[in-house]
Amino acid sequence: HAPIQHCGNGSVTRLYLGQATPSGKVTDAEWQQFVTETVTPRFPEGFTVLSAQGQWRGSDGGIRQEDTRVLEIVHGDDPQSQAQLRERQAALASQAG
C-alpha cells in the first residue's frame, strides 16, 4: 500500500455548482468535460468533488431543490495564495456560466 499523504496546513474553500441548466440538467459527460477542461487546469494541485442536493426558499416562498456538485479546494492562508484563489474562482465562474 502507498503511504498516506496529508494536505498539510491551509484553508478549505467550497464552491457550490448547481447542475440545473435552462435546457435541463448537466449530464455526467458535460460535468466531466468541465472538470477536465476548466477545473483541473485552474487547480492542478488538486481538489475534491462531492455530489449533493441543495435546497432553498425561492422569492415566491416555495421550496426549490437542485442537484449540486461541491468543489473543495485546500489552499494556503497567505495573501498570495488567497489572491491566486480569488483569480481562479473568477475564471471558473466565468466558464461555469
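Which strand does Val-12 lie in? In this predicted model, Val-12 belongs to strand S1, which covers residues 11-18. That makes a handy starting point for a walk through the chain.

Let's step back for a moment and take in the whole chain. There are two helices and five strands to find, and reading along the sequence you meet them in the pattern β-β-β-α-β-β-α. The chain has 97 residues, and 26% of them count as buried. Its accessible surface comes to about 7,000 Å², with 49% of that belonging to carbon and sulfur atoms. If you look at contacts with a separation of 6 or more, 58% of them join residues 24 or more positions apart.

Now back to S1 and its partners. Three strands make an open sheet, in the order S1-S5-S4, with antiparallel pairing. S1 and strand S4 (48-57) are the edge strands, so called because each pairs on one side only. From one strand to the next, the twist averages 35 degrees. S1 is joined to strand S5 (residues 63-75) by eight bridges, and the two run antiparallel. To see this pairing for yourself, find Gly-18, which stands opposite Thr-68 in S5. Helix H1 (residues 28-42) packs on the sheet and touches S1, S4 and S5, while its direction makes about 30 degrees with that of S5.

What does Val-12 touch, not counting residues up to four places away in sequence? Its contacts are Glu-72, Ile-73, Val-74 and His-75. Val-12 counts as partly exposed because its relative accessibility is 45%, and that class sits between the 20% and 50% cut-offs. Val-12 and Phe-47 are 35 residues apart in sequence, yet their C-alpha atoms are 9.8 Å apart in space.

Next, have a look at the inside. The largest nonpolar core is made of 12 residues, among them Leu-15, Leu-17, Trp-31, Phe-34, Phe-43, Ile-73 and Leu-92. S1, H1, S5 and helix H2 (79-96) are the elements that give two or more residues to this core. Which element supplies the largest share? H1 does, with four residues.

Phe-43 is a good core member to finish on. Leaving aside neighbours within four places in sequence, Phe-43 is in contact with Ile-73, Leu-85, Arg-88, Gln-89 and Leu-92. Of these partners, Ile-73, Leu-85 and Leu-92 are listed in the core alongside Phe-43. Ile-73 also takes us back to where we began, since Val-12 touches Ile-73 too.

Definitions and conventions:
Residues are numbered from 1 along each chain as its sequence is written. This is a predicted model: local features need pLDDT of at least 70, side-chain atom pairs count only at pLDDT 80 or more; totals for chains, interfaces and linings use all residues. Side-chain values use heavy atoms; hydrogens and water are left out. Buried means under 20% relative accessible area, exposed over 50%, partly exposed in between (1.4 Å probe, protein chains only). Contact means heavy atoms within 4.5 Å. Axes are lines fitted to C-alpha atoms, for helices over the stretch in contact, and angles run from 0 to 180 degrees between N-to-C directions. A nonpolar core is a set of buried Ala, Val, Leu, Ile, Met, Phe, Trp, Tyr and Cys residues joined through side-chain atoms within 4.5 Å. Accessible areas come from the Shrake-Rupley method with a 1.4 Å probe; for residues, only the protein chains shown count as cover.
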